[in-house]
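Colleague: I'm new to this one and a bit lost. Please pick one part, look at it closely, and then show me how to work outwards from there.

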Amino acid sequence: MSVRTIGVVMNGVTGRMGYRQHLVRSVLAINEQGGVALSDGSRVTLKPVLVGRNADKLADIAKKHEISAFTTDLDAALSDDANLIYFDAQVTSARVKAVLKAIEAGKHIYAEKPTAESTQEAIALAEAAAAKGVKNGVVQDKLFLPGLLKLKRLIDGGFFGRILSVRGEFGYWVFEGDWQEAQRPSWNYRAEDGGGIVLDMFPHWHYVMENLFGRVQSVYAKAVTHIPSRVDEQGNTYQATADDAAYGIFELEGGIIAQINSSWAVRVNRDELVEFQVDGTHGSAVAGLRKCRVQHRSVTPKPVWNPDLPATARFRDDWQEVPDNAEFDNGFKVQWENFIRHVLEDAPFPNDFASGARGVQLAELGLRSNAEGRRIEVPEL
């Protein structure tokens, strides 16, 4: 069995997601398992080349994981022909410039979402990659969550009959940073730095809705900054200029209505940090990160509204757990493996920059809907 190694320039690994999910749990984990298996029986391992602005942080990460290559010079990393892939997990505001450099250098591009801060920029990236002939992909990790994979299995099996509606709840309380340290970086709450929950989460909801239920045809959204001031990593109070909660209604093809609440100012009273309830004529399901529960119409109870008597039914007990029926790997790692196969042997990879641009478009139209206080139709890109 032959094994080859390719270089992967990784920009933004000093951040939480870039480090934990992409470097440690994806690229390094792929190497630990012996590389990515290709269709001809060979395997490919990855040589990460760490790039960032802080040399000391890069050196610490490199030393901890015995990585030989790191630099603050992106141009130098891109000039090395051994590096076939460029990966970007920087703050959103820095992404477009760096990705365009990588495209010009002829690298295949894999990037976190959102790919840009505006639809125009996101489309420009897709067009630039197509014109240069480089493979491109955007992280759409939630499609690979066990709970949503089970939900997809139910849809493909016709469990729901005609799907009527989708209700999503996402979020948790992000501490303000004064008496307890915040769990998210402060730039998330500054619009001038590319922050905001609409720009962060609407691209996620777009690819979930598009891949599971159908094209998004319209959006009505209300974006709010519930917590007006927070404390940053240096202990300084700053004004939160970006939205920290968003409440959206989406009309999908086929008449499906989706309602999704996203908030960093909500305390969790559900089984998982994100849950989607899907209701159809034949059955319903509630899917989270890992679990999925169902109720078929044949076993649906018949509640009767009577506020004069205490409720005795335990409605959650009437739902059945969907079995795994498969081994579920880390979703980020699975998508990395898919992208490597896409680059090296042209395996299918639908999560490209064009799909990423549609996610940015939904975020942009959601913010426009909030500003204008009205429903906005979503044109096809």
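Modeller: A quick definition before we start: two strands count as paired when DSSP finds at least two bridges between them. Keep in mind, too, that this is a predicted model. The part I'd pick is strand 5, residues 83-88. On one side, strand 5 pairs with strand 1 (residues 3-11) in the parallel sense, over five bridges. If you want a spot to click on, valine 8 stands opposite isoleucine 85 in strand 5. Strand 5 also pairs with strand 6 (residues 108-111), again in the parallel sense, this time over four bridges. Here the bridge partners to look for are phenylalanine 87 and, in strand 6, tyrosine 110. To get from strand 5 to strand 6, the chain passes through helix 4 (residues 95-104), and this β-α-β crossover is right-handed.

Is strand 5 open to the outside or enclosed? Buried means under 20% relative accessible area. Five of the six residues of strand 5 are buried, so the strand is largely enclosed by the rest of the structure.

Now follow the chain on past strand 6. In the loop between strand 6 and helix 5 (119-132) you'll find proline 114. Have a look at its backbone: a cis peptide bond joins lysine 113 and proline 114, with omega about -10°. That's worth a pause, because most peptide bonds are trans.

Helix 5 comes next, and it has a partner. The axes of helix 5 and helix 9 (353-372) come within 8 Å and cross at roughly 175°. Angles over 145 degrees count as roughly antiparallel, and therefore helix 5 and helix 9 are roughly antiparallel to each other. The contact involves residues of helix 5 including Thr119, Ala122 and Ala126, and residues of helix 9 including Phe353, Ala357 and Glu364.

Helix 9 then leads you to another sheet. This one is open, with nine strands in the order 17-16-15-14-8-13-12-9-18 and mixed pairing. Strand 17 and strand 18 (376-377) are the edge strands, each pairing on one side only. Strand 18 runs antiparallel to strand 9 (residues 216-224), and two bridges join them. There, serine 218 stands opposite glutamate 377 in strand 18. Helix 9 packs on this sheet, touching strand 9, strand 12 (245-252) and strand 18, and its direction makes about 60° with that of strand 9.

Just before helix 9, check the loop between helix 8 and helix 9, where aspartate 346 lies. Aspartate 346 has a positive phi of about 60° although it is not a glycine. Most residues other than glycine have a negative phi. At 52% relative accessibility, aspartate 346 counts as exposed. Asparagine 325, in the loop between strand 17 and helix 8 (331-345), also has a positive phi, near 60°. Asparagine 325 is exposed as well, with a relative accessible area of 62%.

Conventions: Residues are numbered from 1 along each chain as its sequence is written. This is a predicted model: local features need pLDDT of at least 70, side-chain atom pairs count only at pLDDT 80 or more; totals for chains, interfaces and linings use all residues. Side-chain values use heavy atoms; hydrogens and water are left out. Buried means under 20% relative accessible area, exposed over 50%, partly exposed in between (1.4 Å probe, protein chains only). A crossover is right-handed if, with the strands pointing away from the viewer, the path from the first strand over the helix to the second runs clockwise. Axes are lines fitted to C-alpha atoms, for helices over the stretch in contact, and angles run from 0 to 180 degrees between N-to-C directions. Angles under 35 degrees count as roughly parallel, over 145 as roughly antiparallel, 65 to 115 as roughly perpendicular and the rest as oblique. Contact means heavy atoms within 4.5 Å.
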